[in-house]
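Work through the exercises below with the sequence and the model open. Try each task before reading its solution.

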Amino acid sequence: MQASFEEIPPFPREIFLDLTSFCNHACVFCSNPLIKNKKTMDEPMVRRVLQEAYDCGVRDLGLYATGESFLVKNLAEYVRLAKQIGFEYLFLTSNGALATPDRAKEVLDAGLDSIKFSISAGRRETYKILQGKDDFEKVIENLKWISNYRKTSSLSYRIYVTMVYTEKTKEEVDILKNIVIDYIDEWDPHPLNNQCGNLYENNALGFIEAGSPRARGKVEICFQPFKGFTITPEGYVSACVLDYSKDLIVGDLNHSSLKEIWGGEVYRDFRRRHLCKNLKGLICHNCMYNQNEPVTPLMPEYAAHFEKRQRTLN
């Protein structure tokens, strides 16, 4: 579905539900380790959001954003419920360490349509440095099991692998590809980014190209404010899937409905600024142009700034 660049676009078909901000890894290029007051979404909020989003027209649902979804004990139950409600496509990205045969099977049996493994190295030693855990071999075994389970079951889910690489780890792209290619449907390596403006410090790890949100190709206007949104574990609505610092909160489901927030003045003004390319003062400016300038949150009462860090990859 293409983004509709309007002040109030049609309600999105696809959104992200960030079930938890906890993660079992501590990747050097990720903002997650800097998040304070991490939270897992309460079950009543999950159930409410699933029904309300579906009633608004959402049919594709990502069950992840800033955390590791396999840490959520009710993940399979939520997948099953979403399918019962009528969602057509459920997907998630995971570091894969907790996607063990027992956990993966119950989630896949519940109806998950695709799973993407995020693996940041092709060698165990580099992986441990980058992701903070010595889980490389475990992750590969979990990936192989998920691939084999598809062959022995009647399920037809999709399997992907993505890899964030730097100039120093670029040589491992083909190494990892050769390890995983027989077990997946799509291989998706992409260069390091600044975590949508959250981590300018990632420039110390390698070259980051300006002018391309999440380094996915040059665009003049970011698609995210017009195509969808993310619901945080607290029940806030963010205009960006990587809004770790909550600079782009546009509404609070504890006080408003999804429709009210989608068409509300905060979101409308935010989209106007993108359409006019007036991004100064927004974290979007830092994302788009790879800068580290001061940021004013859209709703300061919800912002959760964290201490920045210096990281290098030796």
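**Exercise 1.** What radius of gyration would a compact globule with 314 residues have, and what does the protein have?

Solution. Start with the rule for the globule: 2.2 Å times the number of residues to the power 0.38. For 314 residues, this puts a compact globule near 20 Å. Next, take the value for the protein, which is 19 Å. The two agree. As a further step, look at the extent of the C-alpha trace: along the principal axes it spans about 50 × 45 × 35 Å.

**Exercise 2.** State how confident the predictor is in the model, and find stretches where the pLDDT is below 50.

Solution. The model is predicted, so begin with its confidence, which pLDDT gives for each residue on a scale from 0 to 100. The mean pLDDT is 93, and 94% of the residues reach 70 or more. Then turn to residues 214-218, where the pLDDT is below 50; this stretch still has 18 contacts in the model beyond near neighbours in sequence. Residues 310-314 also stay under 50, with 13 contacts beyond four places in sequence.

**Exercise 3.** Describe the fold and its burial in numbers.

Solution. First, count the elements: the protein has 10 helices and nine strands. Second, consider the contacts between residues at least 6 apart in sequence: 71% of them join residues at least 24 apart. Third, apply the cut-off for burial, under 20% relative accessible area; 57% of the 314 residues count as buried.

**Exercise 4.** How much area does the protein expose, and what share do carbon and sulfur atoms supply?

Solution. The exposed area is about 13600 Å². Carbon and sulfur atoms supply 48% of this area.

How values were computed: Residues numbered from 1 in each chain as written. Predicted model: local features only at pLDDT ≥ 70, side-chain atom pairs only at ≥ 80, totals over all residues. Heavy atoms only, no water. Contact = heavy atoms within 4.5 Å. Helix = DSSP H or I, 4+ residues; strand = E, 2+ residues; numbered from the N terminus. Buried < 20%, exposed > 50% of the residue type's maximum accessible area, 1.4 Å probe, protein only. Areas by Shrake-Rupley, 256 points an atom, 1.4 Å probe, with all protein chains shown as cover.
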